[in-house]
Structure formats: structure tokens, C-alpha cells
Amino acid sequence: MDGKTGGRIMEQQEQPGQPGQPGRPGLQGQGEWRRSAWCGELRASDAGREVVLNGWVAHRRDHGGLIFIDLRDRSGLVQVVFNPQTDPEAFRTAETLRLEYVVSVAGQVRHRSPGMENPKLPTGEIEVAGHTLTVLSTSKTPPFVLDRAPSVDENLRLRYRYLDLRRPEMQRNLVLRHRLAQKTREFLNARGFLEIETPMLTRSTPEGARDFLVPSRLSPGTFYALPQSPQLFKQLLMVSGFERYYQIARCFRDEDLRADRQPEFTQIDIEMSFVEREDVMQLGEELIATLLGEVNVRVELPLRRITYGEAMLRYGSDKPDLRFGLEIQDVSQLFATSGFQVFARAVASGGVVRALVLPGGSDLSRRELDQLVELAPRWGARGLVWMLAEAEELRSPIAKYLGAGEEAALRKQLSVQPGDLICLMAGPEKETAIAMGRLRLFLAEKKNLIPPGRWELVWVVDFPLLEWNEEERRLEAVHHPFTSPRQEDVDLLATEPLRVRANAYDLVLNGVELGGGSIRNHRREVQERVFEALGISPEEARAKFGFLLEALEYGAPPHGGIAFGFDRLVMLLAGEETIRDVIAFPKTQSGADPLTGAPAAVSAAQLGELHIIPEVPVA
């Protein structure tokens with residue numbers, strides 16, 4: 001290659017030799033192709049500048065004797081043009097280019113011809129006249145066209161994730177993830193927090209999701225567990241006197257997967273000493289407001305707070321989406337003596353009747369109304385009754401069971417207008433609330449009631465400390481067993497545990513739980529009372545949590561914290577629908593990794609070293 005013109009395809013096979021010496025063609029003349037500019041950063045003000053660009057061939061077009069390529073690197077795209085009249089050798093090399101070849105281009109930035117600008121590209125006002133072209137690496141034909149990747153089967157994308165990650169959308173997501181992580185560290189460092197790592201191999205304490213277990217080779221028959229969270233260690237750090245801790249922590253849970261869950265995930269983990277609930281909430285909302293500012297979303301503080309009971313009643317969810325109305329109302333008293341016996345019996349047995357009004361909903365067809373009735377049992381309801389509000393009456397399959405007084409009272413309480421749709425459900429309080437919440441979301445999506453670009457944050461507080469697990473016939477912690485009860489409710493632990501409120505708080509964004517936290521039990525006797533309410537015997541508590549209980553006897557300060565789901569946060573701010581699109585190398589919904597083939601069988605020899613006798617075929 002000489003002067004400003006030329007072209008060359010560099011060797012792909014490495015030969016013996018040292019970097020920079022003959023025998024390693026991939027490194028020869030490195031100064032000739034060392035990048036001097038990023039593709040996506042060139043602008044009209046760079047016109048006349050000589051640059052060296054490195055990247056991948058995103059598109060190639062042969063127009064009227066000129067060859068155009070879109071050259072892509074991490075920063076974006078720029079158009080490069082090769083002219084056979086001025087740079088014949090570079091042009092001949094450009095004729096050999098295919099998609100995803102890795103090339104280096106030396107050339108001059110110039111304005112595009114008038115009328116040929118591309119306003120869709122940040123670099124659309126300019127192009128680079130390529131004088132020198134070096135092919136650094138060739139590429140096989142990709143298994144899918146990167147521009148069409150969103151329509152490609154996800155398993156194929158994950159099988160070739162290194163190609164999928166070349167897409168500008170994926171690179172944008174991971175750059176955003178990096179920025180949010182760095183902004184988190186900057187925010188917490190400025191407030192006196194220390195970033196401290198906690199163990200990845202720890203003891204199994206299965207109180208929530210299933211643990212991932214790791215067999216110990218040196219202690220036959222024993223296992224480590226991968227941490228579901230750093231909960232116990234961050235509490236021990238408070239006992240240790242560090243006072244303010246954080247970690248962008250990797251966590252592991254062996255649970256069924258959904259769009260916003262992975263077996264391994266990341267959370268922003270925070271713990272503070274000498275604090276009360278409002279202190280942690282204030283810090284948490286300031287952090288989230290700062291992170292939303294990275295995508296130009298302005299948040300007014302302090303954020304709204306609602307109780308768990310209010311959230312379940314009005315929105316049918318402990319993570320309510322406040323971007324739209326459709327609030328649920330309790331109409332139990334109106335139907336306590338109703339001629340419609342299904343509702344009357346529900347109230348008499350301690351249940352509730354809940355109502356939701358869809359303004360203008362009378363335009364739903366009979367088929368659509370029947371669909372609501374069919375969906376209700378899937379949402380957990382005993383059934384659904386609909387009413388269409390007309391000028392003088394309510395038209396409904398149960399209208400004949402209602403007296404004029406009941407109709408009038410219902411219209412008044414619900415502020416019903418002609419043309420509205422009323423949906424009613426009856427049954428036990430919690431299951432009816434949840435079913436109405438799902439109906440609320442369904443109608444909002446069906447009627448396009450969710451404004452695009454709107455962000456609504458809310459704190460949910462005063463959760464129950466405990467709830468009844470019907471399957472296992474026992475009480476379990478709503479958050480985790482280290483959450484403290486409200487001080488005024490401590491004495492109810494032994495007598496009415498389901499009435500005990502937790503000193504806990506969740507932050508919800510657009511109907512998605514961003515994070516949750518609590519003030520912890522810093523006195524051993526209170527922690528032991530919580531264990532007792534959960535049916536954990538003193539012997540079991542000592543076996544599983546003895547190190548924590550002992551630590552609480554050595555001057556544990558009042559402390560609390562919060563953990564935010566980092567993957568979920570990035571997903572929401574990136575405008576994606578699944579956290580898999582903001583994680584570099586995620587698993588599928590079945591927990592598999594198509595790229596590496598994990599999980600995979602291991603050899604009998606490996607199992608033997610771990611003192612495990614296989615019950616299934618091994619590799």
C-alpha cells in the first residue's frame with residue numbers, strides 16, 4: 001500500500017511470531033489502519049478532515065460505477081464511497097466486500113451532494129471519500145440479516161448472540177446499561193457509600209425461591225449456594241460498622257422464568273445504618289430520579305406514597321400502574337341485601353363486591369363482553385357481571401334481580417354516565433382484588449388508555465409482614481423474614497400475625513416493581529419472634545441463621561436498605577419489553593443458553609470428584 005490509494009486483503013491465519021514482527025500479518029503496519037475517528041461521530045464540521053475508520057460493513061451498494069458502503073462501529077454508521085477513477089486499487093478491493101467484513105478505511109470527510117443527505121442518520125450530511133481500503137477480516141454469510149433481527153426467532157438470535165449484539169439497538173441498550181451503572185456509583189459514592197463485594201458461594205437458606213446449589217469437592221456431601229441476594233451479608237456489614245454499603249450485585253434464583261426474570265440477574269443493592277423508613281425511601285427516589293434523568297425524564301420529588309391496602313382496593317395490584325385511571329371501587333354494602341343472591345352470599349360470607357367503570361364502554365360488542373366473562377376465571381375470579389348504562393336503566397344479564405333503589409345507588413356511587421360499562425366481581429377479598437386488577441389492565445390496553453411516553457412512580461408502603469401460603473399450609477414472609485414489623489404491631493405476632501404490618505416499601509414504575517426494601521430487625525429477640533411466627537423453630541433458626549442472630553447481640557445499629565432490579569430498570573428506560581434485550585448474554589425463558597449449550601451434562605469423572613453418583617446419563 002502506497003500513498004493515499006490502495007487496497008489489500010490481510011491474511012486471516014496467524015503465523016508464528018511476536019506482535020509487530022514479520023509472520024503475523026494481522027498486526028503488520030498497524031499504524032496504517034489505527035483508528036483516528038469514530039464512524040458515528042463525524043459531522044459536517046469535519047468536512048476536509050483526513051480520517052482512518054475501522055468497523056464492519058453494514059451495507060454495500062454499487063451505483064453508477066461508484067461503490068457505497070455503510071461502515072458501522074460502536075458509535076454508529078457513516079457512508080463511505082469508492083471511486084474507480086481516483087482510487088482504483090481501493091475500488092477493486094471494495095468490489096470484494098460482503099456484509100460483516102471487518103475493514104479499515106482511510107479517506108477524506110466531505111459534504112454529500114445537495115439532495116443526497118440522509119436526515120435519519122446523525123452522519124447524514126457527510127460521507128467519506130475512501131482512498132485506502134484494508135480488509136482486516138472476512139465473514140461468512142450471517143445466519144440472519146441484522147437489520148431484520150427483531151423478526152427473527154429469538155433462539156436463533158441467542159445462538160449467534162455475538163452477531164445480534166452488533167445491532168445498533170443492542171449496542172445502544174448496553175451502552176445505556178453502562179451509563180446507568182456508572183451514574184449509580186457516582187451518586188452513591190458522593191453520599192458516603194462504600195462499594196463492597198459479598199460472597200458468591202454461601203450457605204443455602206431456602207426461604208424464597210429455590211437456590212442454585214454448588215457441590216463442594218473438598219467436603220463430600222455438602223453444598224454451597226449461589227446467593228439469591230446479598231441480604232444477610234449486607235446486614236452483617238452494618239453490624240461491622242461500615243454504615244453505608246452498596247453493590248451492583250449478581251444474584252441467582254432457580255425459579256420459573258418470565259419476560260422480566262432470569263436465573264442470574266443484577267440488582268443495585270443498598271444498606272444504611274441509623275436510618276428509618278423515610279431516610280431509605282428518600283435516598284432511593286433521588287437515585288431513581290437521577291437515573292431517569294439519563295434518558296431525559298424529569299421526576300418531581302418527593303414521590304407519591306400509597307398503602308398496600310389502598311393499592312389493592314383501587315388498582316387491584318401491589319404494583320399499580322398509575323398512567324391511567326379506571327380505579328376500582330368497593331360496592332359490597334350496596335349488594336349486602338341484594339336480590340342477586342350470588343353477590344349477597346359473597347358479602348355474607350365475608351367477601352366483597354368490587355366494581356370498575358369503563359367510560360364509553362358500551363361500544364364493546366356482545367362478543368367482547370362474553371370474552372370478559374370467559375377471561376375472569378383465568379384471572380382468579382369466581383365470575384364477572386357486566387352492565388351497560390343507558391339513559392334510564394342498566395342493561396345487564398342480572399338486571400331482573402336488581403331493584404330500582406339498587407340501580408340508583410350504584411349509579412350514584414360510581415358516577416355512571418350513559419354509555420358507560422360497569423364490570424362487577426364478587427368473592428374473597430384478595431382474589432377478587434387481583435382479578436379486578438387484571439381486568440383493569442386488560443381494558444386499558446384494549447382501549448389504548450395508556451399514554452405513550454408517560455412515567456409514573458409511586459411508593460407502596462405498609463405491606464402485611466406475613467401471608468398465608470395455601471399450598472404449604474403455613475405462614476410465609478411477604479418480603480423476607482428479616483423485615484421488621486411496625487413497632488406498634490410487634491405484639492400481634494403471637495396472636496394475630498396476619499394483621500402485622502411490615503416496615504417495608506416498594507418502588508413501582510409504570511406498573512413494574514423497580515425495587516423493594518425494609519427496615520431490618522436489629523434486635524435478636526424481635527428477629528426470633530418473627531421466626532417463631534413463621535413456624536421456624538429455635539433449633540432451625542440457629543442452624544440456618546445462627547451467625548446472624550449471634551451478630552445481633554454485638555451492638556447492631558438500626559438499619560435498613562433497598563434493592564433495585566437493575567435489568568428491569570434498564571429495560572424500561574431502553575423501551576424494551578424483555579430484560580433479555582438489555583443483558584449481553586441472557587438465557588432463554590427455559591433457562592437455556594443457545595450460544596454455549598448450557599446447562600450441559602458433565603463427565604462421570606467430574607461427578608466422581610464431587611462424590612455425586614449420577615442418576616441420568618452423563619457426557
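Here are a few friendly notes on one helix and one sheet of this predicted model.

1. Ground rules. In this predicted model, local features need pLDDT of at least 70, side-chain atom pairs count only at pLDDT 80 or more, and totals for chains, interfaces and linings use all residues. Residues are numbered from 1 along each chain as its sequence is written, and side-chain values use heavy atoms, leaving out hydrogens and water.

2. Helix α5. Helices (H or I, at least four residues) and strands (E, at least two) are DSSP runs, numbered from the N terminus. The 22 residues of α5 (168-189) should span 32 Å at 1.5 Å a residue (times one less than the number of residues), and the end C-alpha atoms are 31 Å apart, which agrees.

3. Its buried face. Several α5 residues are buried (under 20% relative accessible area, 1.4 Å probe, protein chains only), including Met-170, Asn-173, Leu-176 and Arg-177. The buried residues of α5 line one face of the helix, because they fall within an arc of 135° (directions from the helix axis to the C-beta atoms). Among the elements covering them (contact: heavy atoms within 4.5 Å) are β10 (244-252), β11 (264-273) and α7 (277-293).

4. The sheet. Eight strands form an open sheet with mixed pairing (at least two DSSP bridges between two strands), in the order β7-β10-β11-β23-β22-β21-β18-β12. Its edge strands, β7 (194-195) and β12 (304-307), each pair on one side only.

5. A pair to look at. Strands β18 (457-461) and β21 (504-509) pair in the antiparallel sense over five bridges. Val-461 has Tyr-505 in β21 as its bridge partner.

Conventions: Buried means under 20% relative accessible area, exposed over 50%, partly exposed in between (1.4 Å probe, protein chains only).
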